[in-house]
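Below is a colleague's note, set out as numbered points to be read beside the coordinates. Please keep the structure open while going through it.

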Amino acid sequence: MSEALVAVEAAGTDTAVPVASGARQFWRRLRAQRAALVAAAVVALLVVVALAAPLLAALEGQDPTTYHPSLIDSARGGVPVGAFGGAGADHWLGVEPQTGRDLFARLVYGARISLGVALAATLVQIVIGVAVGVASALGNRWVDQLLSRATDIIVAMPLMIMSLALLAIVPASFPRPALVALVIGLIAWGSVAKIVRAQTLTLKGLDHVAAARLSGWGGWRITRRELLPGLAAPVITYAALLVPINISAEAALSFLGVGVKPPTPSWGQMLTAADVWYQAAPQYLMLPAGALFVTVVALTVLGDGVRTALDPRAASRLRVGTGRRREADAEPDGAAPPRRAETPGALPRTTETPGALPRTAGADQEGTG
């Protein structure tokens, strides 16, 4: 409940009503979903691996850019020497074909690029989308029409084609990971703006926003204290679903050769170099593809869990359905359903045949006498 509405209600009452913590309810609903908890653990592990990539590579004793030509069999076209791509005590996951660079070091360093680009692009999308959506919903008719048409143009733009065009004309001196994040974020914010505009138009008609307006609050204060907290749930939910989409977009751009450039490791860039080694060195292709698959699935499941936890109606339907299922499982076979307690003063319930007149207790006594 908003501050303005609490102040208005408190003026007419002497007792304060405690308000339940929204964060506590969110965590309780999220903990009730085992799949979301597993996905959150996987995402947390991936983030730890990405942040600790230099430490993990130093623990192995390797780095992602050093060549090891002695570990490559040049007579066989550059295939790593040994079983499982040269995996062993010195190289935990083996080495790359032709170059001999350590696969484990490149994989953990690639997690930093893939996750970092996806999170940065999502942040750009959220900032621009929320600003445009709120301005469109709160502005006059001309501002709304102008921003809505600009949003429609952004939504209609094909992400891959526009990204390819922009990344091809930018000088190579610009940091490539930052450029990929900016390009994805600046092209794909239209869907966020549409969601925020629709939700803001709904929030404008609620009682707590009207109470804030009657209290004399300005437009910026109403937006900051009344509208933005109401937008938190849909924006967080959509942001959780945007991260895996942006990871896939970065991998696709790197696979097409316009994303992160070698020797900087990235899962998409590793897939680009591994497309011709799927038979001679399958681990070179399976390791980045598996990491990308696990990350996208975990983030998608976590985003769906966050959506369910932030939507009380979805959580309520889940809880009611589970309770009915448990009651049905607890009843023995052939047992009659429990009778409902009659309320005082209510008419007695009788079982009648279709089309028969209702029988009451008085009529039964008269017939007996």
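1. Which residue forms a salt bridge with D152, the closest N and O atoms being 3.0 Å apart? In this model, which is predicted rather than experimental, the partner in that salt bridge is R149. Both residues belong to helix α6, which covers residues 141–156, and they are 3 residues apart, about one turn of the helix. D152 is partly exposed, with a relative accessible area of 27%, and R149 is likewise partly exposed, at 43%.

2. D152 also takes part in a salt bridge with K194, where the N to O distance is 2.7 Å. This second pair links distant parts of the chain, since K194 lies in helix α9 and D152 in helix α6, with their positions 42 residues apart in sequence. K194 is partly exposed, its relative accessible area being 40%. Across the structure there are 6 salt bridges, and the two involving D152 that are described here are among them.

3. Another salt bridge joins E96 to R106, and here the closest N and O atoms are 2.9 Å apart. The pair links distant parts of the chain, with E96 in the loop between β2 and α5 and R106 in helix α5, 10 residues apart. E96 and R106 are both buried, in contrast to D152, which is partly exposed. A network of salt bridges links E96 and R106 with R101.

4. The loop between β2 and α5 also contributes to an aromatic contact. Of the 2 aromatic pairs that a search of the whole structure finds, one is edge-to-face and is formed by F26 and W27, with 5.2 Å from centre to centre and 65° between the planes. F26 is buried, with a relative accessible area of 16%, whereas W27 is partly exposed, at 47%. The pair formed by W92 and F104 is tilted, with 5.0 Å from centre to centre and 55° between the planes. W92 lies in the loop between β2 (79–80) and α5 (103–138) and F104 in helix α5, so this pair ties together parts that are 12 residues apart in sequence. W92 is partly exposed, with a relative accessible area of 38%, while F104 is buried, at 14%.

5. Two arginine side chains deserve a look for their placement relative to tryptophan rings. The charged end of R141 sits over the ring of W142, at 4.7 Å from the ring centre. In a second such arrangement, the charged end of R221 sits over the ring of W217, at 4.2 Å from the centre of that ring.

6. Where in the structure does G110 lie? G110 is found in helix α5 and is buried, with a relative accessible area of 0%. Leaving aside neighbours within four places in sequence, G110 is in contact with P265, S266 and W267. The C-alpha atoms of G110 and G268 are 8.6 Å apart in space, although the two residues are 158 residues apart in sequence.

7. T200 offers a further buried position to inspect, with a relative accessible area of 0%. T200 lies in helix α9, which runs over residues 190–204, and K194 is placed in helix α9 as well. Setting aside neighbours within four places in sequence, the contacts of T200 are V134, A137, L138, L227 and L231.

8. On the surface, F293, V294, V297 and V301 make a nonpolar patch of about 330 Å². V294, one of these residues, lies in helix α13, which spans residues 282–310. V294 is partly exposed, with a relative accessible area of 42%.

9. Some totals for the chain may help to place the local points above. The chain has 15 helices and 2 strands, and 36% of its 369 residues count as buried. The chain exposes about 21700 Å², of which carbon and sulfur atoms supply 65%. Among contacts between residues at least 6 apart in sequence, 71% join residues at least 24 apart. The salt bridge between K194 and D152 links residues that are 42 residues apart in sequence.

Conventions
Residues numbered from 1 in each chain as written. Predicted model: local features only at pLDDT ≥ 70, side-chain atom pairs only at ≥ 80, totals over all residues. Heavy atoms only, no water. Phe/Tyr/Trp six-rings, centres within 6.5 Å; stacked < 30°, edge-to-face > 60°. Buried < 20%, exposed > 50% of the residue type's maximum accessible area, 1.4 Å probe, protein only. Helix = DSSP H or I, 4+ residues; strand = E, 2+ residues; numbered from the N terminus. Lys NZ or Arg CZ within 6 Å of the ring centre and 35° of its normal. Contact = heavy atoms within 4.5 Å. Areas by Shrake-Rupley, 256 points an atom, 1.4 Å probe, with all protein chains shown as cover. Patch = residues over 30% accessible without salt bridge, like charges linked within 9 Å, V, L, I, M, F, W, Y side chains within 5 Å. Salt bridge = Lys/Arg side-chain N within 4 Å of Asp/Glu carboxyl O.
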